[in-house]
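Colleague: I'm new to this one and would like to know where the labels come from. Could you walk me through it?

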Amino acid sequence: DVAAKGRKAAERSSGKYLEASDMVESLSRLIGVCDQFYLDTREAKRMLVEARDAGEHGDWGMMGIVARKGREQLMQGLPEAARSEMRKAKNQLLDAKADGKDVRTMVKILKDAGVAMNRGKPDEALDLLLDFKEELKNF
(Lines give C-alpha, C1' and ligand atoms only; values in the text may rest on other atoms or scores of the structure.)
Protein backbone atom coordinates (compact mmCIF):
# COMPACT_ATOMS: atom_id res chain seq x y z
CA ASP A 1 0.00 0.00 0.00
CA VAL A 2 2.82 2.41 0.86
CA ALA A 3 4.57 1.48 -2.40
CA ALA A 4 1.39 2.17 -4.38
CA LYS A 5 1.03 5.59 -2.75
CA GLY A 6 4.67 6.35 -3.51
CA ARG A 7 4.25 5.29 -7.13
CA LYS A 8 1.16 7.46 -7.45
CA ALA A 9 2.99 10.47 -5.98
CA ALA A 10 5.91 9.95 -8.37
CA GLU A 11 3.55 9.71 -11.36
CA ARG A 12 1.79 12.87 -10.24
CA SER A 13 5.01 14.80 -10.44
CA SER A 14 5.84 13.26 -13.80
CA GLY A 15 5.00 14.61 -17.22
CA LYS A 16 2.31 12.03 -17.97
CA TYR A 17 0.07 13.25 -15.17
CA LEU A 18 0.76 16.91 -15.88
CA GLU A 19 0.08 16.48 -19.60
CA ALA A 20 -3.17 14.59 -18.99
CA SER A 21 -4.24 17.13 -16.37
CA ASP A 22 -3.60 19.99 -18.82
CA MET A 23 -5.71 18.21 -21.46
CA VAL A 24 -8.59 17.75 -19.02
CA GLU A 25 -8.39 21.44 -18.05
CA SER A 26 -8.29 22.46 -21.71
CA LEU A 27 -11.37 20.35 -22.50
CA SER A 28 -13.19 21.77 -19.50
CA ARG A 29 -12.47 25.37 -20.62
CA LEU A 30 -13.53 24.59 -24.20
CA ILE A 31 -16.82 23.10 -22.98
CA GLY A 32 -17.43 26.29 -20.98
CA VAL A 33 -16.88 28.47 -24.06
CA CYS A 34 -19.08 26.24 -26.24
CA ASP A 35 -21.85 26.31 -23.63
CA GLN A 36 -21.91 30.12 -23.86
CA PHE A 37 -22.82 29.77 -27.54
CA TYR A 38 -25.37 27.00 -26.93
CA LEU A 39 -23.34 24.40 -28.84
CA ASP A 40 -23.96 20.70 -28.19
CA THR A 41 -21.40 19.61 -25.59
CA ARG A 42 -23.11 16.48 -24.24
CA GLU A 43 -20.63 13.98 -25.70
CA ALA A 44 -17.63 16.11 -24.67
CA LYS A 45 -19.02 16.43 -21.12
CA ARG A 46 -19.41 12.64 -20.95
CA MET A 47 -15.80 12.25 -22.06
CA LEU A 48 -14.66 14.85 -19.50
CA VAL A 49 -16.30 12.83 -16.71
CA GLU A 50 -14.69 9.65 -18.09
CA ALA A 51 -11.26 11.33 -18.23
CA ARG A 52 -11.59 12.62 -14.65
CA ASP A 53 -12.63 9.14 -13.48
CA ALA A 54 -9.56 7.63 -15.16
CA GLY A 55 -7.42 10.24 -13.41
CA GLU A 56 -8.94 9.41 -10.04
CA HIS A 57 -7.96 5.78 -10.62
CA GLY A 58 -4.39 6.78 -11.53
CA ASP A 59 -4.71 5.94 -15.22
CA TRP A 60 -3.05 9.07 -16.61
CA GLY A 61 -2.69 7.57 -20.08
CA MET A 62 -6.42 6.95 -20.41
CA MET A 63 -7.16 10.31 -18.78
CA GLY A 64 -5.17 12.08 -21.51
CA ILE A 65 -6.55 9.98 -24.37
CA VAL A 66 -10.19 10.52 -23.42
CA ALA A 67 -9.67 14.27 -22.81
CA ARG A 68 -7.96 14.61 -26.21
CA LYS A 69 -10.82 12.73 -27.92
CA GLY A 70 -13.37 14.97 -26.23
CA ARG A 71 -11.54 18.07 -27.43
CA GLU A 72 -11.23 16.69 -30.96
CA GLN A 73 -14.94 15.84 -30.99
CA LEU A 74 -15.87 19.39 -29.99
CA MET A 75 -13.38 20.96 -32.41
CA GLN A 76 -15.08 19.28 -35.39
CA GLY A 77 -18.09 21.56 -35.18
CA LEU A 78 -16.27 24.70 -34.08
CA PRO A 79 -15.18 26.22 -37.41
CA GLU A 80 -18.76 26.51 -38.68
CA ALA A 81 -20.05 27.69 -35.30
CA ALA A 82 -17.30 30.30 -35.06
CA ARG A 83 -17.97 31.55 -38.61
CA SER A 84 -21.66 31.88 -37.78
CA GLU A 85 -20.91 33.76 -34.56
CA MET A 86 -18.45 36.03 -36.43
CA ARG A 87 -21.23 36.97 -38.89
CA LYS A 88 -23.59 37.78 -36.01
CA ALA A 89 -20.91 39.84 -34.28
CA LYS A 90 -20.18 41.83 -37.46
CA ASN A 91 -23.88 42.68 -37.78
CA GLN A 92 -24.06 43.67 -34.11
CA LEU A 93 -20.98 45.85 -34.60
CA LEU A 94 -22.57 47.60 -37.58
CA ASP A 95 -25.76 48.18 -35.58
CA ALA A 96 -23.78 49.63 -32.66
CA LYS A 97 -21.80 51.87 -35.00
CA ALA A 98 -25.03 53.06 -36.69
CA ASP A 99 -26.32 53.97 -33.22
CA GLY A 100 -23.27 56.22 -32.82
CA LYS A 101 -21.53 54.12 -30.19
CA ASP A 102 -17.76 53.92 -29.72
CA VAL A 103 -16.97 50.55 -31.24
CA ARG A 104 -13.13 50.69 -31.30
CA THR A 105 -12.69 47.96 -28.68
CA MET A 106 -15.25 45.76 -30.40
CA VAL A 107 -13.49 46.23 -33.77
CA LYS A 108 -10.18 45.13 -32.24
CA ILE A 109 -11.75 42.06 -30.62
CA LEU A 110 -13.45 41.12 -33.89
CA LYS A 111 -10.18 41.55 -35.83
CA ASP A 112 -8.37 39.34 -33.31
CA ALA A 113 -11.11 36.71 -33.66
CA GLY A 114 -10.71 36.87 -37.45
CA VAL A 115 -6.95 36.34 -37.11
CA ALA A 116 -7.59 33.33 -34.86
CA MET A 117 -9.98 31.89 -37.46
CA ASN A 118 -7.42 32.40 -40.23
CA ARG A 119 -4.86 30.54 -38.12
CA GLY A 120 -7.24 27.60 -37.83
CA LYS A 121 -8.03 28.24 -34.16
CA PRO A 122 -11.83 28.51 -33.95
CA ASP A 123 -11.68 27.78 -30.21
CA GLU A 124 -9.65 30.97 -29.67
CA ALA A 125 -12.01 32.88 -31.97
CA LEU A 126 -15.04 31.81 -29.89
CA ASP A 127 -13.21 32.76 -26.71
CA LEU A 128 -12.62 36.25 -28.14
CA LEU A 129 -16.25 36.45 -29.27
CA LEU A 130 -17.22 35.96 -25.61
CA ASP A 131 -15.24 39.15 -24.89
CA PHE A 132 -17.11 40.79 -27.77
CA LYS A 133 -20.46 39.81 -26.21
CA GLU A 134 -19.33 41.34 -22.90
CA GLU A 135 -18.41 44.60 -24.65
CA LEU A 136 -21.78 44.62 -26.36
CA LYS A 137 -23.51 44.31 -22.98
CA ASN A 138 -21.75 47.48 -21.84
CA PHE A 139 -23.80 49.55 -24.30
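Modeller: Sure. One thing up front: axes are lines fitted to C-alpha atoms, for helices over the stretch in contact, and angles run from 0 to 180 degrees between N-to-C directions. Also, keep in mind that this is a predicted model.

Colleague: Okay, so what is the angle between H3 and H4?

Modeller: Helix H3 (residues 42-56) packs against H4 at about 170 degrees, and the two axes are 8 Å apart.

Colleague: Why is H3 called roughly antiparallel to H4?

Modeller: The label needs an angle over 145 degrees. The angle here is about 170 degrees, so H3 counts as roughly antiparallel to H4.

Colleague: Which residues in H3 and H4 meet?

Modeller: On the H3 side, they include Glu 43, Met 47 and Ala 51; on the H4 side, Trp 60, Met 63 and Leu 74 are among them. By type, the contact of H3 with H4 has 10 nonpolar, 3 polar and 3 charged residues.

Colleague: How do you know that Trp 60 is buried or exposed?

Modeller: Buried means under 20% relative accessible area. Trp 60 has 4%, so Trp 60 is buried. Across the protein, buried residues make up 35% of the 139 residues.

Colleague: How many aromatic pairs does the structure hold?

Modeller: Just 1 aromatic pair. Its members are Tyr 17 and Trp 60, with ring centres 4.8 Å apart and planes at 70 degrees. Centres within 6.5 Å make a pair, and planes over 60 degrees apart count as edge-to-face, so this pair is edge-to-face.

Colleague: What makes the pair a link between distant parts of the chain?

Modeller: Tyr 17 sits in helix H2 (residues 15-36) and Trp 60 in helix H4 (residues 60-98), 43 residues apart.

Colleague: And Tyr 38, is that one buried or exposed?

Modeller: The cut-off for exposed is over 50%. Tyr 38 has 76% relative accessibility, so Tyr 38 counts as exposed. Its place is in the loop between H2 and H3.

Colleague: What is the phi of Tyr 38?

Modeller: Near 60 degrees, a positive value in a residue other than glycine. Most residues other than glycine have a negative phi.

Colleague: Stepping back, how many helices and strands are there?

Modeller: The protein has 6 helices and 0 strands.

Colleague: And what radius of gyration does the protein have, set against a compact globule?

Modeller: The protein has 19 Å, whereas a compact globule of 139 residues would have a value near 14 Å. Along the principal axes, the C-alpha atoms fill a box of roughly 70 × 25 × 25 Å.

Note on methods. Residues are numbered from 1 along each chain as its sequence is written. This is a predicted model: local features need pLDDT of at least 70, side-chain atom pairs count only at pLDDT 80 or more; totals for chains, interfaces and linings use all residues. Side-chain values use heavy atoms; hydrogens and water are left out. Rings of Phe, Tyr and Trp (its six-membered ring) pair if their centres lie within 6.5 Å; planes under 30 degrees apart count as stacked, over 60 as edge-to-face and the rest as tilted. Helices (H or I, at least four residues) and strands (E, at least two) are DSSP runs, numbered from the N terminus. Buried means under 20% relative accessible area, exposed over 50%, partly exposed in between (1.4 Å probe, protein chains only). Angles under 35 degrees count as roughly parallel, over 145 as roughly antiparallel, 65 to 115 as roughly perpendicular and the rest as oblique. Contact means heavy atoms within 4.5 Å. Ala, Val, Leu, Ile, Met, Phe, Trp, Tyr, Cys and Pro count as nonpolar, Asp, Glu, Lys and Arg as charged, and the others, Gly among them, as polar. The radius of gyration is taken over C-alpha atoms; the globule rule is 2.2 Å times the number of residues to the power 0.38.
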